[in-house]
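Thanks for coming, everyone. I have one structure to show today. Please take a look at it before I start.

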Amino acid sequence: AFQENEIRLLTAEIERLKNSGCSGVSPSLEGLRDENAKLKYRLNFLRKSLQEERSKPAKSMVNINSCLQEIFGAAIQAAYPELENPPLVVTPSQQPKFGDYQCNSAMGITQILLKTKEQKVSPREIAEKITKHIPANECIEKVEIAGPGFINVHLRRDFVSKQLSSLLVNGVQPPAIGKRKKVVVDFSSPNIAKEMHVGHLRSTIIGESMCRLFEFAGYDVLRLNHLGDWGTQFGMLIAHLQDKFPDYLTVSPPIGDLQAFYKESKRRFDTEEEFKKRAYQCVVLLQSKTPDFIKAWELICDVSRKEFQKIYSCLDVTLTERGESFYHEMMKDIVREFEDKGFVQVDDGRKIVFVPGFPVPLTIMKSDGGYTYDTSDLAALKHRLCEEKADIIIYVVDSGQSGHLQTVFAAGQMIGWYDPKVTRVAHAAFGVVLGEDKKKFKTRSGDTVRLIDLLEEGLKRAMDKLKDKERDKVLTAEELKAAQMSVAFGCIKYADLSHNRLNDYVFSFDKMLDDRGNTAAYLLYAFTRIRAIARLANIDEQMLRKAAREEVLILDHEKEWKLGKCILRFPEILQKILEDLLLHTLCDYLYELATTFTEFYDNCYCVEKDRQSGQIVKVNMWRLLLCEATATIMAKGFDILGIKPVQRM
């Protein structure tokens with residue numbers, strides 16, 4: 001309504017200026033044109049924002065930072081229409097005395113005016129000009145210019161209260177994203193016949209969380225497990241299977257320990273010349289799709305799948321399997337396409353492709369006519385782009401593969417499969433897991449840590465921690481088991497996700513199970529405590545829902561105001577992660593939300609009791625609603641991180 005009224009007023013003002021120009025009343029024609037242009041810009045901005053507002057789903061959460069960027073973008077454009085792409089910097093304020101948000105664009109505009117127009121204008125003067133052109137809006141109470149030219153923004157309390165009420169009534173809704181896009185995420189990707197180890201932990205956890213985020217934001221997500229399920233190693237595995245279980249075609253072979261089976265076949269391959277020759281023959285027969293050899297290959301893959309699924313079930317991870325074998329038939333077409341476009345060179349019998357800007361070529365065919373990882377990765381990229389029609393493709397793969405993946409992406413651009421301005425193809429790289437000695441995480445004997453052993457150790461330690469806190473005396477057996485799994489797997493995931501994925505991180509059960517500081521143990525406990533506040537005040541969900549529709553959230557106390565603003569930053573946090581794929585930002589935010597809640601709870605009585613009897617004498621419902629809003633956001637944050645909270649801990 002306020003935008004429609006503003007449009008009417010601006011339209012009338014433009015008409016008045018036109019009439020003034022015709023009658024010669026205007027003090028200067030140039031001044032009139034400037035004023036008219038600015039009014040028209042504001043009018044177009046308001047019309048556009050009104051249309052966007054109406055096109056958004058009614059329940060979308062408002063991203064306050066984005067709203068302020070639109071407002072200040074319009075103000076800067078109106079104040080300096082001659083500038084192309086002026087800097088737009090809006091951030092939350094770090095201290096309450098500087099307001100709630102800050103626009104810090106004036107300093108950048110000063111530099112641009114000096115460089116492009118040789119105009120020396122102080123940032124403060126620019127800030128003053130920007131503030132004069134701020135369009136009518138419902139979120140800004142007032143602005144102040146501080147220091148050299150910072151614009152401090154104070155939000156309207158009724159606006160924040162209204163957004164919190166909307167959150168409570170509608171639940172946590174994703175911010176509007178516009179067109180629904182297709183996202184492919186390639187993650188986990190272990191090798192058949194080898195056990196998942198600690199090296200697979202990061203890709204699996206980070207990839208799952210990214211998928212959950214994109215799904216929550218409304219994207220169409222395809223979660224792909226690019227298994228290493230094809231290649232020369234299957235020759236030795238099939239040859240060993242034939243020797244050890246000659247009746248494998250009729251009786252399912254009891255391969256209990258696939259890792260040991262792999263090591264046995266590898267030892268024979270390295271030491272027995274006759275076995276080695278048979279292994280190579282098996283590869284040829286497998287690649288020519290001989291039925292008995294396909295059956296042997298499927299048996300080996302099935303044993304691995306069952307072992308992988310144990311891990312995925314523990315970590316609540318969902319994947320669509322699409323291993324290297326899926327792309328095998330496409331590889332000859334990939335080679336032909338690069339040949340037809342004139343990109344292939346022959347080097348000592350190999351077919352290689354040099355990509356401009358990359359020193360190491362891609363080998364798309366070996367001298368013996370076999371294909372390579374380069375070929376299968378190119379085939380996978382093309383299939384995701386041309387068959388899946390992906391708008392965004394994310395590879396959650398360790399940093400060591402960066403050079404290879406960037407070469408593959410560049411080759412895809414070079415041959416014309418995609419335009420990076422239209423389609424986003426990204427490598428979400430991550431560092432390695434270190435032991436407490438700051439070296440690669442290994443067992444005492446120097447072996448790679450098996451992932452299943454790590455998860456079982458986590459369960460044991462979580463139960464020990466719960467028993468140390470005497471939780472086994474107050475929880476039922478079922479509640480204790482749920483708390484154990486929540487703490488064990490939640491702590492392992494959070495310890496990974498709370499670190500910047502680009503860095504290595506030290507794996508420490510002691511640190512991750514500590515219920516102080518930025519850990520899952522602390523956050524899960526805080527969440528359980530928040531959920532218990534209304535329950536202990538005998539306020540059930542139905543009463544809270546009714547209050548959410550009827551109560552006005554009062555935000556008079558500084559701690560209420562601080563908590564309310566913190567809750568509403570959730571959409572802008574998610575928007576940032578959708579752009580940079582750095583999930584530790586969400587962990588930092590949840591920790592900040594939990595500590596901000598503690599400040600609120602310590603200073604603002606939610607439930608008032610008689611000191612002598614302990615009886616409840618007053619329930620401050622608006623504060624209970626702030627508790628509920630906090631818990632609702634935390635629950636959604638946990639869900640995105642793949643952490644399952646419990647009601648009692």
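I will go from the whole chain to the annotated spans, then to the cores, one helix and the empty spaces.

One thing up front: this is a predicted model. Keep that in mind throughout.

Overall picture, then. The protein chain has 649 residues, and 51% of them are buried. Its secondary structure comes to 23 helices and 16 strands. Along the principal axes, the C-alpha atoms fill a box of roughly 100 × 80 × 40 Å. Now the contacts. Take those with a separation of 6 or more: 73% of them join residues 24 or more positions apart.

Next, the annotations. There are three I want to mention, and I'll take them in sequence order. UniProt, in an unreviewed entry, lists "domain: Arginyl tRNA synthetase N-terminal" at residues 66–155. In the model that span is 40% helix and 21% strand. Its end C-alpha atoms lie 14 Å apart.

Then residues 452–479. The unreviewed UniProt entry calls this a "coiled-coil region". Here the chain is 71% helix and 0% strand. The end C-alpha atoms are 23 Å apart.

And then residues 523–649. UniProt, again from an unreviewed entry, gives "domain: DALR anticodon binding". The model has 68% helix and 6% strand over that span. The end C-alpha atoms there are 12 Å apart.

On to the cores. How many residues does the largest nonpolar core have? The number is 170. Leu68, Phe507 and Leu586 have the most contacts inside it. Look at Leu68. Beyond its neighbours within four places in sequence, Leu68 is in contact with Val90, Tyr101, Cys139, Ile140, Val153 and Leu155. There is also a second, separate core, of 31 residues. Among its members are Val355, Leu362, Leu381 and Ala390.

Now one helix: H20, residues 558–567. Of its 10 residues, 8 are buried, so H20 is largely enclosed by the rest of the structure. Which residues of H20 are buried? They are Lys559, Glu560, Trp561, Leu563, Gly564, Lys565, Cys566 and Ile567. And what covers them? The cover includes strand E4 at 150–155, helix H6 at 157–170, and H21. It also includes helix H22 at 584–603 and helix H23 at 621–641.

Step past the end of H20 and you meet Arg569. This residue sits in the loop between H20 and helix H21, which spans 570–580. Is Arg569 buried or exposed? Arg569 counts as buried, because its relative accessibility is 16% and the cut-off for buried is under 20%. Not counting residues up to four places away in sequence, Arg569 touches Pro92, Tyr101, Tyr589 and Glu592. Tyr101 has come up before: Leu68 contacts it too.

Last topic: empty space. I'll begin with the second largest pocket. About 950 Å³ of space lies in it. The lining has 36 residues. Closest to the centre are Ser189, His200, Val397, Asp398 and Gln401. Three helices give two or more residues to this lining: H7 at 198–216, H13 at 373–387 and H14 at 402–414. By class, the lining has 14 nonpolar, 14 polar and 8 charged residues.

Then the cavities. The search of the whole structure finds 2 of 30 Å³ or more. The largest holds about 50 Å³ of space. Its lining is Arg202, Ile206, Asp496, Leu497, His499, Asn500, Arg501, Leu582, Leu583 and His584. H7 returns here: H7 and helix H16, residues 477–497, each supply at least two of the lining residues. The classes are 4 nonpolar, 3 polar and 3 charged.

The second largest cavity has about 40 Å³ of space. What lines it? Ala193, Lys194, Glu195, Leu258, Ser304, Glu307 and Phe308 do. Which helix gives the most to this lining? That is H11, residues 291–315, with 3 residues. By class, this lining divides into 3 nonpolar, 1 polar and 3 charged.

That's the tour. Happy to go back to any part of it.

Definitions and conventions
Residues are numbered from 1 along each chain as its sequence is written. This is a predicted model: local features need pLDDT of at least 70, side-chain atom pairs count only at pLDDT 80 or more; totals for chains, interfaces and linings use all residues. Side-chain values use heavy atoms; hydrogens and water are left out. A nonpolar core is a set of buried Ala, Val, Leu, Ile, Met, Phe, Trp, Tyr and Cys residues joined through side-chain atoms within 4.5 Å. Buried means under 20% relative accessible area, exposed over 50%, partly exposed in between (1.4 Å probe, protein chains only). Contact means heavy atoms within 4.5 Å. On a 1 Å grid over the protein atoms alone, a cavity is a set of points where a 1.4 Å probe fits but cannot get out, and a pocket is an open set with protein on both sides within 12 Å along at least five of seven lines; lining residues have an atom within 4 Å of a point. Grid points are joined across faces, edges and corners, and a volume is the space filled by probe spheres set on the points. Helices (H or I, at least four residues) and strands (E, at least two) are DSSP runs, numbered from the N terminus. Ala, Val, Leu, Ile, Met, Phe, Trp, Tyr, Cys and Pro count as nonpolar, Asp, Glu, Lys and Arg as charged, and the others, Gly among them, as polar. UniProt positions are given in the numbering used here, feature names are shortened, and annotations may be inferred rather than shown by experiment.
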